[in-house]
Every structure is written in C-alpha cells, then in structure tokens.
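Q: I am new to this structure. Please take a close look at a single part of it. Then lead me outward, one step at a time.

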Amino acid sequence: TASRRQDVPTENTNLRSGAIAKHGWELFSCHSDAISQQVVALAFRLGTLVQGRYGSSVEVLSPSPEASAHPSSLSASYGLGPLPLHVDTSHLPVPARYLVLGCVNPGKQRVPTLVFDRYDLSLSSNQMRLLRSAVFHVQNGRRSFYGSIQGLNPAFIRFDPGCMKPVTQEAEEALALFSFEAINEHVQEIFLRAGDIMVIDNWRMLHGRAAVPQLDSYRSLIRCTVA
C-alpha cells in the first residue's frame, strides 16, 4: 500500500484517470491538519457532492456499537464486527460515482479498510442472469423501491446487505455470490494512516471494514460521496 501513496495532485490533474481508472482506487497523502479541506476539495474536483443519509455531504465515521449507532447505518446491524463489503449509497436509484475517505485518526488498533474489485469476480452466464433478475427490496424510507444487483446500466452494481433485503430465494443466492467466503482471495486490506485520503470508484469497487477488536473512539474518517 505504501508504494501506492502519493501527494495530493495539482488542480490540473485529471483525477478520474490514472490509478483510479486502472485499479479502481487511489491513495493520496497530505498533512493531517488539512485533511478535512483536502477531502472536500478532492470531492469537488471529481464531481457533485451527494448528501448523505444524515443530511450532510461531509460525514464523520467512527466505530459504534449497535445500540448507539445511527438506525440507518451499517453499524446498527453489525456494530464493531466486520462491516460487509458494499457499494455506498446503494439506497439511491443511481449509486454515487466516487467515494472519498480521509483518515483523521487511524485509531489505536490496526483495523484495515477492505476493498474488492468486482472485475475480479468470474461469473458464469447463469450467475450474471441471477444478478439481473433476483429481486431485492431496497430500503430508503418513503423512497424505497425494488431492484436488483445488476440493473439495466452495466456500468454499476447495487450491493449493500444493510439496505437491500432479498425478496426471493434467487436473491439469497445472488447475495451469496458476494459473500466474504466467495471473494476472500481478491479482497485487499488497506491500512490508512493519519492524513491519508482514499478515492474509490464506487461503481466498480466494494468496500468495508474489518472487525474492531474493542471500541476505539479515536478512529475517525471523513467521507464524501460524489455523483
């Protein structure tokens, strides 16, 4: 991972090309005191900021036990356990294009961010049909809808066990294709350091977090999602 780190690029650099296009993610490094401003600046350079479920386009993430987590967050279901690999903003008709994560404090424990490139998953034609046909109830309050992992637009997939509830047995089988056991060999561990900014292609990569051995109130990330 260290070899992938580079300084935040100049404003005339095309962020959508290079390593993000090639690998699905990129890791930048800046002074930790400027992390918030740099995260927002990078997000604006990538596109339009998407408002999160809590009403803000800039969100702070820290590990939370289930009981104290926001009801609509993954932590409400998984607490300090592993956060399942997912596509951010899967509850929207079109998920956000990019995800920008800034590490304010990695915490006292070495808990990696996990990423998985969906292009690494070799699926049969039958399995691809399953991703297109299996029905899920995508929960988003009054804006909930029914959808599938792979929609009409092949550029992105929708995948989040937190907000996507299988309606049929087919949907259960489709979920299993992305189980950690099925994709484990392709999952990468990224150990973020203070001042690191990770840009993720949210249409291509699934991401998550390993289990937090015990509550670590020092771990803090800033997140922006970009359309």
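A: **The second largest pocket and its surroundings**

The lining of the second largest pocket is made up of 12 nonpolar residues, 1 polar residue and 1 charged residue. The model is a predicted one. The volume of this pocket is about 260 Å³. It is lined by 14 residues, and those closest to its centre are Pro84, Leu85, Phe178, Ser179 and Phe180. Two elements give two or more residues to this lining: β5 and α6, which covers residues 180-183. Which element gives the most to the lining of the second largest pocket? It is β5, with 3 residues. That makes strand β5 a good thread to follow.

Start with the sheet that holds β5. It is an open sheet of 4 strands, paired antiparallel, in the order β5-β13-β7-β11. β5 (83-86) and β11 (188-190) are at its edges. Each of these two has a single partner strand, so one of its sides has no neighbour in the sheet. On average, neighbouring strands here are turned by 20° against each other, direction ignored.

Now move inward along the order. Strand β7 covers residues 113-117, and strand β13 covers residues 205-209. The two run antiparallel and are joined by 5 bridges. One place to look is Val115, which stands opposite His207 in β13.

β5 and β13 also lead to another pocket. The largest pocket has a volume of about 830 Å³. Its lining has 39 residues; closest to the centre are Tyr54, Leu61, Ser73, Leu74 and Arg223. Several elements give two or more residues to this lining: β4 (59-61), α3 (75-78), β5, β13 and β14 (220-226). So how do the residues of this lining divide? They comprise 13 nonpolar, 19 polar and 7 charged residues. Set that beside the second largest pocket, where 12 are nonpolar, 1 is polar and 1 is charged. β5 is among the contributors to both linings.

Leave the pockets and follow the chain on from β5. The loop between β5 and β6 holds Thr89. Most residues other than glycine have a negative phi. Thr89 is not a glycine, yet its phi is positive, at about 60°. Is Thr89 buried or exposed? It is buried: its relative accessible area is 11%, and buried means under 20%.

Past that loop comes β6, residues 98-105. This strand runs antiparallel to β12, and 5 bridges join the two. Val100 is placed opposite Val199 in β12. Strand β12 also has bridges to β2, which spans residues 25-29. Again there are 5 bridges, and again the strands run antiparallel. Here Leu27 faces Met198 of β12 across the pairing.

How many residues of β12 are buried? The strand covers residues 196-201, and 6 of its 6 residues are buried. Their side directions split into two sets. Asp196, Met198 and Ile200 point one way, while Ile197, Val199 and Asp201 point the other way. Both sets are buried.

Ile197 links β12 to a helix. Leu42 lies in α2, the helix of residues 35-46. Leaving out residues up to four places away in sequence, Leu42 touches Val8, Leu15, Phe28 and Ile197. The relative accessible area of Leu42 is 1%, so this residue is buried. Two of those contacts sit in strands already visited: Phe28 falls within β2, and Ile197 belongs to β12. Leu42 can also be compared with Leu101. The two are 59 residues apart in sequence, and their C-alpha atoms are 10 Å apart in space.

One more sheet completes the tour. This open sheet has 3 strands in the order β9-β8-β10, and its pairing is antiparallel. β9 (145-147) and β10 (164-166) are the edge strands, each paired on one side only. From one strand to the next, the twist averages 35°. For the sheet that holds β5, the average turn is 20°. Strand β8, residues 136-138, is joined to β10 by 3 bridges, and the two run antiparallel. Which residue of β10 is the bridge partner of Val138? It is Met164.

Conventions
Residues numbered from 1 in each chain as written. Predicted model: local features only at pLDDT ≥ 70, side-chain atom pairs only at ≥ 80, totals over all residues. Heavy atoms only, no water. Pairing = 2+ DSSP bridges. Axes fitted to C-alpha atoms, helices over the stretch in contact; angles between N-to-C directions. 1 Å grid on protein atoms, 1.4 Å probe; cavity = no way out; pocket = protein on both sides within 12 Å on 5 of 7 lines; lining within 4 Å. Points joined across faces, edges and corners; volume = space filled by probe spheres on them. Nonpolar A, V, L, I, M, F, W, Y, C, P; charged D, E, K, R; others polar. Buried < 20%, exposed > 50% of the residue type's maximum accessible area, 1.4 Å probe, protein only. Contact = heavy atoms within 4.5 Å.
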